[in-house]
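The following exercises are intended for a reader who is new to the structure shown below. Please attempt each task before reading its solution.

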Amino acid sequence: MSRYSLADLFASALWRTVGPLIALLMALGVSGILIVMVGADPITAYGAMIVGSVGSVDALATTGVRMTPLLLAGLGVALSFRCGVWNIGAEGQLYAGAIGATIIGVMPVSLPMIVHLPLAIIVGFIAGALWAAIPGYFRAYRGVSEVVLTLMFNYVGIQLASYMVDTRSGPLGERGAAYSQSHLIADSTRLPILIPGTSLHAGLILAVLLAIGLYIVVRYTTFGFRLRMVGANPVAAAYAGVNTARQIMWVMLLSGGLAGLAGAAEVLGLKYRLFENFSPGYGYDAIAVALLANNNPLGVILSSGFFGALRAGANRMQQTAGIEVSVILIIQALTVLFVVAGVLVGWLASRRARMQTPRQEEVVYAD
Amino acid sequence: MPIDTAFVTDWGTASIRLATPLALTAMGGVYSERSGVFNIGMEGMMLSGAFVAITTSYFTGSVVAAALAAMAAGTLLSLVHAYLAISRLANQIIVGAAINLLALGLTNFLYRAIFGATGRERVAGFPQVKLPVLGDIPVIGPILFDHSIAVYIAYILPFVAWYVLFRTTWGLNVRAVGEYPQAADAAGVSVKRVRYLSVMLSGAMAGLGGAALSLGAVRYFTQGMTAGRGFIVLGALVFGKWNPILVALACLFFGAADALQLRAQTFGFAIPHQFLVMLPYLLTIAALVGFVGRTVAPQSLGVPYKSEAD
């Protein structure tokens, strides 16, 4: 029998939904003050942002395009955080995935799309997973903190991609091009466009399906149960017979693979080439995306949609109101900090403490 | 082959110069981690320090004011970290990552607002001081004793930091709180107070480290100019076993690697320059992975502590 009343469950569910929303509004408010401070009008700025992100079919398509890598990488980050593994190397894994997909995309072979495209996607996933494998191995089996390792691999991954597309010496680089880039990928590896005339591609559908799939995996499978168990209490999980090292290793591979898919989708769906420095920090944004979603795969769909809209609207905001695009980094960071600080948490905590004190005693004597 | 003294002098000088921002930041980082608080936000605190130092120097012309303002900026960000990580028991990695994102966004945003889209303002930097007599020794003189004042601060601080950490009551408290907070708490040490002060020290030093980066050599600010140096410091802490003097040497090692890769790019080696740029990061990875089991982190590093008294 549940120890929690219906009111309790309702309050908790309400908090989980409303809390991040309040945090978001506060972040927008504080950033609005910053915009005023530099002499611009926040209403105009945010207005331009809304028009640029949801104001038209084109704008919505752009939001969907920006959302796709955030959703994929956000899923990876959320999964690792859920297991208590701090994979903050999504940026590097994303570049690795993009390299993998590009290699398949530019291969001088002629394959039907039904083989070629899935192959590029799978290789992108595997490349991302491999990029996470070294930090994952040392975290799982050697007890080295994954935090600094995954961060360092970000820088290495970005440089590796730059080398690959170097126009003079890179194995994938287009010789003589003005900018470091690979050759165009084959038509048979391009993700289909969903709305003609826009850039919205099928990567978004893949990402949403994966989110739903991962929600089911985390919630209803043994793998998901073990993952949550290790995340909640690794010692208890080990006592219960979970091979925590192996679980962590698998989670790192999966997490890196998903970030790799984010990079692959950018190449296969949007850019059709690998460019140097093509990611504006999607792998770092993914941390905020995962946190805002409380590491819930379905929640990641919403939070990546929101941050995707921010990115889509930011360009228009810069053109119309002259506001630096980096204001969206401030909004994201403040949202995370406000979520973590738990705005209104004091009110809720005191209320819950009042409600729960007798129940806790009950727990002590129950066993 | 005769040793090219001009090259050695140049490389050595640059190594010291590039190690200084790392070492200054690391001296605060040692205290934060020794007290049990993991601070990946040092990257953002450094970046803020670099930006605030340039801006303050631009408007006031005073490098002292610039250094103090940079330290204040780092401290301010570290207070956010301390409040959330210590008082709210929040996850230290998430808070640190958010602080880095915030610092990147804020410095970009404010730089554009103050200096415009294209401006790369050169400002007054830290004064260059050539020590008498010592500075005239061939090779060693220019490498060690002809630098900005930030470098000389970085020479002295590791010894001070070592002494305070291992020979004073305050240092004992820091270590106790990071190893076994329950015992420290029971002995009457305020875990919260010690951790707050340690994290604030780490913020101030990261701010100063950032100032040493922007005012020490280049004298301008570029977006995201710290380029992971705050993270490399985290590696140096592990490599140097959280001992200030060893950590400073680890920073010198990474500074030397950075200086070498910059020089190697001009040699026209067969190695593509992207691999040279990777060098400091790869060495950090190698240091972390190679020191498996040979180094023991403070036992309560990264674990929030909730006092019974709260």
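The exercises below concern a predicted model, and each is followed by a worked solution.

**Exercise 1. The make-up of the two chains**

Task: State how many helices and strands chain A has, and how many chain B has.

Solution. Begin with chain A, which has 14 helices and 0 strands. Its order along the sequence is accordingly written α-α-α-α-α-α-α-α-α-α-α-α-α-α. Next, take chain B, where 12 helices and 2 strands are found. From the N terminus, the order in chain B is α-α-α-α-β-α-β-α-α-α-α-α-α-α.

**Exercise 2. Burial, contacts and overall dimensions**

Task: Determine what share of chain A and of chain B is buried, and compare the radius of gyration of chain B with that of a compact globule.

Solution. For chain A, 53% of the 367 residues count as buried. For chain B, buried residues account for 53% of 310. Consider then the contacts between residues at least 6 apart in sequence: in chain A, 77% of these join residues at least 24 apart, and in chain B the share is 78%. Finally, a compact globule of 310 residues would have a radius of gyration near 19 Å, and the 20 Å of chain B agrees with this. The C-alpha trace of chain B spans about 65 × 50 × 40 Å along its principal axes.

**Exercise 3. Where the chains meet**

Task: Identify which helices of chain A each supply at least two residues of the side that touches chain B, and describe that side by residue class.

Solution. First, establish the extent of the contact: 36 residues of chain A are in contact with 35 residues of chain B. Second, the helices of chain A that each supply at least two residues of this side are α5 (113–142), α6 (146–164), α11 (282–292) and α13 (327–341). Third, sort the side of chain A by class, which gives 27 nonpolar, 6 polar and 3 charged residues.

**Exercise 4. Helix α3 of chain A**

Task: Test whether the length of helix α3 of chain A agrees with its number of residues, then locate its bend.

Solution. Helix α3 of chain A covers residues 57–82, and at 1.5 Å a residue its 26 residues should span 38 Å. The end C-alpha atoms are 35 Å apart, which agrees. There is a bend of about 30° at A:M67, and the proline A:P69 follows within four residues. As to its surroundings, 22 of the 26 residues of α3(A) are buried, so this helix is largely enclosed by the rest of the structure. Just after α3(A), A:G84 has a positive phi of about 75°.

**Exercise 5. Two asparagines in a loop**

Task: Decide whether A:N294 and A:N295 are buried or partly exposed.

Solution. A residue counts as buried if 20 or more other C-beta atoms lie within 10 Å of its own. A:N294 has 17 such neighbours, and therefore counts as partly exposed. A:N295 has 21, and therefore counts as buried. A:N294 lies in the loop between α11 and α12 (297–321) of chain A, and A:N295 lies in the loop between α11 and α12 as well. Neither is a glycine, yet A:N294 has a positive phi of about 55° and A:N295 one of about 60°.

**Exercise 6. Helix α10 of chain B and the nonpolar core**

Task: Find how many residues of helix α10 of chain B are buried, and what covers them.

Solution. Helix α10 of chain B spans residues 229–239, and 11 of its 11 residues are buried. The cover includes α6 of chain A, together with α1 (5–34), α2, α9 (191–218), α11 (244–267) and α12 (273–290) of chain B. One of the buried residues of α10(B) is B:A236. In the largest nonpolar core, of 220 residues, A:A73, B:A26 and B:A236 touch the most other members. Beyond four places in sequence, the contacts of B:A236 are B:L22, B:A26, B:V247, B:A250, B:C251 and B:F254. Just after α10(B), B:K241 has a positive phi of about 50°.

**Exercise 7. The surroundings of B:M45**

Task: Place B:M45 in its helix and list its contacts beyond four places in sequence.

Solution. B:M45 belongs to helix α2 (residues 42–60) of chain B. With 38 other C-beta atoms within 10 Å, B:M45 is buried. Its contacts beyond four places in sequence are B:G74, B:L77, B:S78, B:A103, B:G203, B:A206 and B:G207. The C-alpha atoms of B:M45 and B:G96 are separated by 9.8 Å, although these positions lie 51 residues apart in chain numbering.

Definitions and conventions: Residues are numbered from 1 along each chain as its sequence is written. Chains are lettered from A and ligands numbered from 1 in the order in which they are written. This is a predicted model: local features need pLDDT of at least 70, side-chain atom pairs count only at pLDDT 80 or more; totals for chains, interfaces and linings use all residues. Two residues are in contact if their C-beta atoms, placed from the backbone, lie within 7 Å. Ala, Val, Leu, Ile, Met, Phe, Trp, Tyr, Cys and Pro count as nonpolar, Asp, Glu, Lys and Arg as charged, and the others, Gly among them, as polar. A residue is buried if 20 or more other C-beta atoms lie within 10 Å of its own, exposed if 12 or fewer, and partly exposed in between; C-beta atoms are placed from the backbone. The expected span of a helix is 1.5 Å times one less than its number of residues. The bend at a residue is the angle between axes fitted to the seven residues ending there and the seven starting there. A nonpolar core is a set of buried Ala, Val, Leu, Ile, Met, Phe, Trp, Tyr and Cys residues joined through C-beta atoms within 7 Å. The radius of gyration is taken over C-alpha atoms; the globule rule is 2.2 Å times the number of residues to the power 0.38.
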